[in-house]
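Biologist: I'd like to learn how to read a fold like this one, feature by feature. Can you walk me through it?

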Amino acid sequence: DPIGGEVYDAVIGFGMFDLALPRFCGQLYSRGLAKRIVFTGGTGAGTGRLGGPEADAWAAELRRTYPSIPRDHLVIENRSTNTGENVAFTAALLEAEHPAWAFGAGLERLLVVASPTRLRRVWLTLRHQQSSLRLTRVLPSGSIDIFAGLSARLVSVPVGGDAAWVSLVKETVARTAPRLLYLMPTFQNP
């Protein structure tokens, strides 16, 4: 989604093992695009190497790379284990410990940061559980942006819940004869 010129109430980062994402949240805050930062995420599939809850690891990375961000501008929810809990536990934490920043009160306009493979699920869950929020999804520039910037012709293949998508990949490769095949090996891979 386009960010536009407005200042958002917060950037909310949905935890995972990729520590580039909390740095991106810090960048958005430092650019003056958000007044607060919220990190949500406990220990889930694929996060064992972080050594603890995702939100705690993200907060440590943020403090390491953006030490000037005031600690009281950061809220950490570190018990959730799935997207639904991320939103529900964050809402409860904000209401209990930071009522001025509760969803729908102090936090109404949010920049939403999550991995590319999870962003749609996060956005839909937020819309379902907190329908009054104004959400803008943002991702750091990555490989897809680089390819598009080089005028590459991008062809995507939808992925489903079963192995049928392998046939779609084979058919697409046969039909388009790509010079490069880019796969995301971490898509829904615990």
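Biologist: Let's start with a helix. Which residues of H2 are buried?

Modeller: First, keep in mind that this is a predicted model. The general idea for helices is that an α-helix has 3.6 residues a turn, so residues three or four places apart point the same way. In H2 the buried residues are Glu54, Ala55, Ala57, Trp58, Ala59, Glu61 and Leu62.

Biologist: And what do the buried residues of H2 pack against?

Modeller: They pack against two kinds of element: the strands E1 (10-14), E2 (37-40) and E3 (74-77), and helix H1 (20-30). You can check the helix length too. H2 covers residues 54-65, and at 1.5 Å a residue its 12 residues should span 16 Å; the end C-alpha atoms are 16 Å apart, so the two agree.

Biologist: Let me step back to the whole chain. What pattern does the protein chain follow along the sequence?

Modeller: Reading from the start, you get β-α-β-α-β-α-β-α-β-α-α. That comes from 6 helices and 5 strands. The chain has 190 residues, and 38% of them count as buried. Look at the contacts as well: of those between residues at least 6 apart in sequence, 68% join residues at least 24 apart.

Biologist: How far can I trust it? What pLDDT does the protein chain average?

Modeller: The average is 86, and 84% of the residues score at least 70. Watch the end, though: over residues 186-190 pLDDT stays under 50, and the model has 7 contacts beyond four places in sequence for that stretch.

Biologist: Now strands. How many of the residues of E1 are buried?

Modeller: For a strand, look at both faces. In E1, 5 of the 5 residues are buried, so the strand is largely enclosed by the rest of the structure. Ala10, Ile12 and Phe14 point one way, while Val11 and Gly13 point the other way.

Biologist: Which way do E1 and E2 run, parallel or antiparallel?

Modeller: E1 and E2 run parallel, joined by 4 bridges. One of the pairings puts phenylalanine 14 opposite threonine 40 in E2. Between the two strands the chain passes through H1, and this β-α-β crossover is right-handed.

Biologist: What covers the buried residues of H1?

Modeller: The cover includes strands E1 and E2, helix H2, and strands E4 (109-113) and E5 (134-138). The buried residues of H1 themselves are Leu21, Pro22, Phe24, Cys25, Gly26, Leu28 and Tyr29. After H1 comes glycine 32, with a positive phi near 80°.

Biologist: You mentioned E4. How many bridges join E1 to E4?

Modeller: There are 4, and these strands run parallel. Valine 11 has leucine 111 as its bridge partner in E4, and glycine 13 has valine 113. E4 also pairs with E5, in the parallel sense over 5 bridges. The route from E4 to E5 goes through H4, and this β-α-β crossover is right-handed.

Biologist: Which residues point each way from E4?

Modeller: Arg109, Leu111 and Val113 go one way, Leu110 and Val112 the other, and all are buried. Arg109 is worth a second look in the pairing: its bridge partner in E5 is arginine 134.

Biologist: What about single residues? Is threonine 125 buried or exposed?

Modeller: Compare the relative accessible area with the cut-off: buried means under 20%. Threonine 125 has 16%, so it is buried. This residue lies in helix H4 (residues 119-129), and leaving out residues up to four places away in sequence, it touches Thr83, Gly84 and Val87.

Biologist: And where is glutamine 130?

Modeller: Glutamine 130 is in the loop between H4 and E5. At a relative accessible area of 17%, glutamine 130 is buried too. Beyond its neighbours within four places in sequence, glutamine 130 contacts Val87, Ala91 and Phe103.

Biologist: One last thing, backbone angles. What is phi of alanine 177 near?

Modeller: Most residues other than glycine have a negative phi. Alanine 177 has a positive value, near 45°. This alanine lies in the segment after helix H6 (164-176), and with 61% relative accessibility alanine 177 counts as exposed.

Technical notes
Residues numbered from 1 in each chain as written. Predicted model: local features only at pLDDT ≥ 70, side-chain atom pairs only at ≥ 80, totals over all residues. Heavy atoms only, no water. Buried < 20%, exposed > 50% of the residue type's maximum accessible area, 1.4 Å probe, protein only. Contact = heavy atoms within 4.5 Å. Expected span 1.5 Å × (residues − 1). pLDDT = per-residue confidence, 0-100. Pairing = 2+ DSSP bridges. Right-handed = clockwise from strand over helix to strand, strands pointing away.
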